[in-house]
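Have the sequence and the 3D view side by side. This report starts with a single residue and then moves to a sheet and the cores.

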Amino acid sequence: MFSVVFLLALLAFSVTGLPVEVRNSPITLPMTRRLAFSNVTDLLRHDEARLVAFGEYSTHGRRDADDSLFPVVPLSHANLGNAFTGYTVSVGIGNPLITYNLIVDSASAITWVGAGLPYLSRSGVDTREPVEVNYRYGSFKGTIFQDEFYFGVKKLSIPRLRIGVASTWEGVAVDGVLGIGPISSGIGALQNLPEQTIPTVTDRLVAQGSITRSVIGVFFQPVVSGIENLGELSFGGTNPERYLRPIIYTDVTTTAPSSRYWGINQRITYGNTEILAYTAGVVDSGCTFLYLAIDAYDRYQAATGGTVNPANGLLQISLEQYKQLRSLTFHIGDRNYYLIPNAQIWPRCLNYNINGGDNDIFLIVKALATPTGAGYDFVNGYVFLQRFYIAFDSGQGRVAFAKTKFTNADTN
């Protein structure tokens with residue numbers, strides 16, 4: 001048996017020449033999307049706040065919209081998920097068992113509750129460790145408790161999971177956060193031990209033998225008018241039913257500051273034009289748009305002919321320009337991933353949310369405040385991730401991508 005399994009693994013690797021996933025045994029949870037913004041100002045502010053935390057993003061750089069919309073904020077502040085693409089999962093905690101809806105945050109390793117439903121468990125143990133996370137439009141302070149953590153209705157539990165319990169919070173519209181970021185993204189949360197990290201949900205599942213690998217599979221469904229948009233979160237592997245094989249891994253970048261998060265190296269081309277040279281950046285479900293270094297953004301704008309719409313700061317193109325739009329190619333590892341023309345535009349069913357007309361066409365590429373070479377030269381946000389299946393492997397320090405049935409879909 002061992003020799004057969006080994007041979008299959010060897011064949012899978014040798015055929016592609018790349019690290020591929022051979023087998024899975026994941027714990028899968030459904031995710032529900034929250035459309036939680038009312039205008040483009042909110043949306044851009046939320047993205048901007050997250051960018052501050054990722055790469056010392058300075059609002060003194062170039063802006064495509066009114067600079068007054070983006071007040072300077074401290075580097076320690078981060079955004080709690082995304083105003084547009086917040087995804088929540090339901091988990092149970094404590095005794096009596098209470099079900100909490102937690103926003104999934106790929107840039108944080110801290111899991112906490114108490115912002116919506118109160119924490120009333122009689123089984124929790126107060127460790128007296130103060131914890132604090134500051135977000136751009138919200139924050140929480142509290143204490144680390146150890147308590148029973150359930151997936152589903154007591155189908156699987158993690159005993160004595162260390163979670164934050166909020167004593168004070170601000171600007172958080174859900175019950176708390178489920179952190180799926182690398183463990184390094186939790187550094188600084190423990191106030192008395194700022195260099196110490198807290199084992200994540202994934203770490204604990206591996207430690208207790210519930211899963212064998214520290215892999216989280218993430219599936220998002222693009223926005224489609226009139227259809228409930230769901231996602232899926234898998235611990236311990238990926239769900240092959242959600243993607244078209246193969247799923248290929250690439251190493252997490254060693255370039256700071258991207259290396260602290262789910263950072264990778266990539267190159268981007270538009271047709272035959274190089275938009276972004278091989279460099280480091282971040283894969284993040286919490287940012288809505290695709291962000292590029294200033295010089296790369298300029299090249300993309302020149303190639304597409306888009307002009308900045310003063311009402312929302314997005315590049316706008318005509319129908320004729322849209323018909324001439326070419327795919328953006330993301331060169332990641334030895335594979336190419338294509339963002340087709342339809343995937344490069346804002347969902348037109350949501351144009352009213354961004355001060356646009358029904359037939360207006362807006363591009364989803366935005367500019368960072370720094371040029372290439374900052375160690376943080378792109379953010380592959382939700383608009384990219386909704387077209388591919390993603391896997392985060394903290395055990396081996398790598399990120400995987402695979403095509404889905406939505407990769408080439410005309411949903412926008």
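The side chain of Ser121 reaches the backbone nitrogen of Gly124 at 3.4 Å. This is a predicted model, where local features need pLDDT of at least 70, side-chain atom pairs count only at pLDDT 80 or more, and totals for chains, interfaces and linings use all residues. Residues are numbered from 1 along each chain as its sequence is written, and side-chain values use heavy atoms, leaving out hydrogens and water.

Ser121 sits in the loop between β4 (112–113) and β5 (125–135). Strands are DSSP runs of E, at least two residues, numbered from the N terminus. Ser121 is buried, with a relative accessible area of 15%. Buried means under 20% relative accessible area (1.4 Å probe, protein chains only).

Here are distances for Ser121.

| Partner | Atoms | Distance |
|---|---|---|
| Asn95 | Ser121 side-chain polar atom to Asn95 backbone nitrogen | 3.1 Å |
| Gly124 | Ser121 side chain to Gly124 backbone nitrogen | 3.4 Å |
| Gly94 | C-alpha of Ser121 to C-alpha of Gly94 | 4.9 Å |

Gly94 and Ser121 are 27 residues apart along the chain.

Now the sheet. Three strands form an open sheet in the order β15-β16-β19, with antiparallel pairing. Strands pair if DSSP finds at least two bridges between them. β15 (307–308) and β19 (361–362) stand at the edges with a single partner strand each, so one side of each has no neighbour in the sheet. Gln316 stands opposite Phe362 in β19.

Last, the cores. A nonpolar core is a set of buried Ala, Val, Leu, Ile, Met, Phe, Trp, Tyr and Cys residues joined through side-chain atoms within 4.5 Å. The largest has 90 residues, and Leu233, Phe235 and Leu328 have the most contacts inside it. Strand β7 (residues 156–170) gives the most to this core, with five residues.

Technical notes
Helices (H or I, at least four residues) and strands (E, at least two) are DSSP runs, numbered from the N terminus. Buried means under 20% relative accessible area, exposed over 50%, partly exposed in between (1.4 Å probe, protein chains only). A polar contact is a pair of N or O atoms within 3.5 Å; within protein, one must be able to donate a hydrogen and the other to accept it, and residues adjacent in sequence count only if both atoms are side-chain atoms.
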